Amino acid sequence: MPLTYPQTRRVDVSESRFGHEIADPYRWLESDPRRDGEVAGWAQEQNAMARRYLDALPAQAAFRRQITELFDYEQAGVPLKRGSCYFYTMRQGLKKQATLHVRDGVDGPDRLLLDPNDWSEDGADAIAEWDASHDGAHIAYGVQRGGIDWREIRVLDVVTGETLDDEVNWVRFGNIAWAKDGSGFFYSRYPEPELGTQSQANVANHAIYFHRLGTAQADDRLVHATPDIPHLLHLAGVTEDGRYLIIHSTPGSSMTMLSVVDLTTAGWAVRPVIGADFSAEWSAFGNDGTTLFVATSEGAPRRRLVTFDLTQAAPQPREIVGEDEATLEHAWLIGGRLIISYLVDARTKLQQHKLDGTPDGTIELPGIGSAGIRGTMADDEAFLAYTSFNAPLTIFRYEVSTRKRSVWSQPSTGFDLGEIAVEQHFYASKDGTKVPVFVIRRKGVQAPAPTLLYGYGGYGISLTPYYAATQLAWVVQGGTLAIANIRGGGEYGRAWHDAGRLANKQNSYDDFIAAAEFLRDHGIASPDGIAIQGESNGGLLVGTVTNQRPDLFAAALPGVGVMDLLRFHHFTGGSFWTYDYGNPEDEAAFENLLRLSPCHNIAAGKPYPAILVTTADADDRVVPGHSFKYAAAIQAAQIGSKPRLLRVETRAGHGAGKPLDKVIAEAADMWAFAAHCTGLETGRA
């Protein structure tokens, strides 16, 4: 039976843009629901209707139970060695938030340092970015409250367990980097916003400061800012020897300018190495004396490694490792060696080199998956992390000189992951481009099955094999999971990213549609059993392809999506996204965005799949108004009788820091909805 949706007030608002009259009848839903009573009341009505529908689904309880069981294990993070201490996070069973621990010695007793589960009644406050001083005496850590992007930094005395009086506020989009002598740390922040505007107002004038322990934030030293280019992000890191502060500045893309500060000098003058033309990526990852090691896409879409001699007045890049057929993803200086992570068809390959770039062997991995490594230039000991769709994060202790590894932390999930098969297929997109897709299913599932297709395709971000208990629950219950590595991501370097952004953004959507067709036509997915899911830029992906091919999908699950492509730049950090989407204030970009925007292209008169929109009231990255306006529009449109629901989480943001109980509840709702629409029968153990 058709649902009766809450009444949504329409307003007479429109704008004339480049010859188009753009109606915006739901603009009032852009207001912050935590401050606007009418918007809050509307969201509560939507939640109540969604709750009645979702709670009645037969698979809801089964998925909640399954996801809970799959999360009920201990998972350690990759250790950070400082002095004789090893610091790491730990997710302990069904605790809502991860905790921070220390060991004195690699196999010493575990000691709890920070437990955010006691910070709030609902468990929605979390540890964000953190770093330990080089002597291991202090931890500086960010506090994330209720899922928002703003952070406050506090400092913990590791020995006494006491929290110091130091407090740094208005931190956002940055990291923490201690000075070598432990006197203080560098961080990035914005100016304090006007009262009441911090959740939605545009952010600008990011800057790097130094905070000296025992002093007030008002006395922090400004190190670097670019008031002439106010919409840059500035990220700071200190080299292992403590001599240089490395600054990467970006307009919100992978293109960067690169600067250094010699911290041995009194003036801390910022010295540009690569200027602000933003034509390539320049990512410094370490030094050997005055030699700076940098990964770059300059002249190499799949990246290469170069060095700069900082003793020179105008240092020039010198190549040490040239571009490969594989995509260079990361590089590290560890144990006197250069370790490089490559992507080969979205799977990690680790190679070891000498500092001059000479090959020095391959680091063997347990299987097809994703891997990274953490260590220091001066220490032969490192920690290698590995995960895959059927392998939770395992930490190995790795000896660089011998390339031997031993297990440091390996979780046990209580489910036989040997039952999960991982395959990789390649299919042709609309223009003939070959695109990879991972297919994950139980080994006994070979016939066409209800399929959950996930994608992202933006900002040069690669989707590599990873263990996700939420998605695995769909597989355990007999469904098939597919992860499409569509253009706009970084799987094949800068060219792959460029092929899915700006005027080429439609390629991302063509790739995703072609993935669904491939899964259906090759007997992997049920003919009428494909559900699509994505979050953030992936939510935009789901909304756009649903408009373009509503006939292809049984269910659509857009999460925290950028659904209004004509107004995203007016809120919080939206101006950073113009590098991928284009600037709606430019006519050519506007015309392209108008053709793609989910809110503006709902195909009235065509039957749509069932749609469950998810967002959160405290999301200050992609503000919930995007999802609110989209939900109102699809509920008002003549697109058939299938349900079109909006689920709004409270005290949660864009995803980071969300407590485990809310993660489980949201995933159970989504998968139960998708199972009902695709015909997946639950009840497997």
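Me: What makes the link between the side chains of Ser199 and Asp32 a polar contact?
Reply: In this predicted model, the two side chains are joined at 2.6 Å. The cut-off for a pair of N or O atoms is 3.5 Å, so the pair qualifies.

Me: Where is Ser199, and which residues does it touch beyond its neighbours within four places in sequence?
Reply: Ser199 is in the loop between β13 and β14. Its contacts are Asp32, Arg34, Thr572, Asp620 and Val623.

Me: Why is Ser199 called buried?
Reply: Its relative accessible area is 9%. Buried means under 20%, so Ser199 counts as buried.

Me: Why is the pair of Tyr187 and Tyr209 called stacked?
Reply: A search of the whole structure gives 29 aromatic pairs. In the pair Tyr187 and Tyr209, the ring centres are 6.0 Å apart and the planes meet at 20 degrees. Centres within 6.5 Å make a pair, and planes under 30 degrees apart make it stacked, so both tests are met.

Me: What does the pair of Tyr187 and Tyr209 tie together?
Reply: Tyr187 belongs to strand β13 (residues 184-189), and Tyr209 to strand β14 (residues 207-212). The pair therefore links parts that are 22 residues apart in sequence.

Me: How do you know whether Tyr187 is buried or exposed?
Reply: Tyr187 has a relative accessible area of 0%. The limit for buried is under 20%, so Tyr187 is buried.

Me: What makes Arg189 a charge over the ring of Tyr209?
Reply: The charged end of Arg189 is 5.7 Å from the ring centre and sits over the ring. The distance cut-off is within 6 Å, so 5.7 Å passes. Arg91 likewise lies over the face of Tyr73, at 4.8 Å from the ring centre.

Me: Why is the pair of Phe383 and Trp408 edge-to-face?
Reply: The planes of Phe383 and Trp408 stand at 70 degrees, with 5.6 Å centre to centre. Over 60 degrees counts as edge-to-face, so the name fits. Phe383 lies in strand β29 (residues 381-388) and Trp408 in strand β31 (residues 404-409), so the pair ties together parts 25 residues apart in sequence.

Me: How do you know whether Phe383 and Trp408 are buried or exposed?
Reply: Phe383 has a relative accessible area of 2%. Trp408 is at 11%. Buried means under 20%, so Phe383 and Trp408 are buried.

Me: Which residues form one aromatic cluster?
Reply: Trp150, Trp170, Phe173, Tyr190 and Phe576 form it.

Me: How do you know that the span of helix α1 agrees with its number of residues?
Reply: Helix α1 (residues 37-55) has 19 residues. At 1.5 Å a residue it should span 27 Å, and its end C-alpha atoms are 26 Å apart, so the two agree.

Me: What caps the N-terminal end of α1, and what do its buried residues pack against?
Reply: Asp36 is the cap: a side-chain oxygen lies 3.0 Å from the backbone nitrogen of Glu38. The buried residues of α1 include Trp42, Met49, Tyr53 and Leu54. The buried residues of α1 pack against α2, β38, α9, β39 and α10.

Me: Why is α5 described as largely enclosed by the rest of the structure?
Reply: Of its 17 residues, 13 are buried, so α5 is largely enclosed. Its span also agrees: 24 Å is expected for residues 505-521, and the end C-alpha atoms are 25 Å apart. Just after α5, Gly523 takes a positive phi of about 70 degrees.

Me: What makes Val159 and Ala266 exposed?
Reply: Val159 is at 69% relative accessibility, and Ala266 has a relative accessible area of 72%. Exposed means over 50%, so Val159 and Ala266 qualify. Val159 is in the loop between β10 and β11. Ala266 is in the loop between β18 and β19.

Me: How do you know that the chain is as compact as a globular protein of that length?
Reply: The chain has 10 helices and 39 strands. Its radius of gyration is 25 Å, close to the 26 Å that the globule rule gives for 685 residues, so it is as compact as a globular protein of that length. Buried residues make up 61% of the 685 residues.

Methods: Residues numbered from 1 in each chain as written. Predicted model: local features only at pLDDT ≥ 70, side-chain atom pairs only at ≥ 80, totals over all residues. Heavy atoms only, no water. Helix = DSSP H or I, 4+ residues; strand = E, 2+ residues; numbered from the N terminus. Expected span 1.5 Å × (residues − 1). Buried < 20%, exposed > 50% of the residue type's maximum accessible area, 1.4 Å probe, protein only. Contact = heavy atoms within 4.5 Å. Polar contact = N/O pair within 3.5 Å; in protein donor to acceptor, adjacent residues only side chain to side chain. Lys NZ or Arg CZ within 6 Å of the ring centre and 35° of its normal. Rg over C-alpha atoms; globule rule 2.2 N^0.38 Å.
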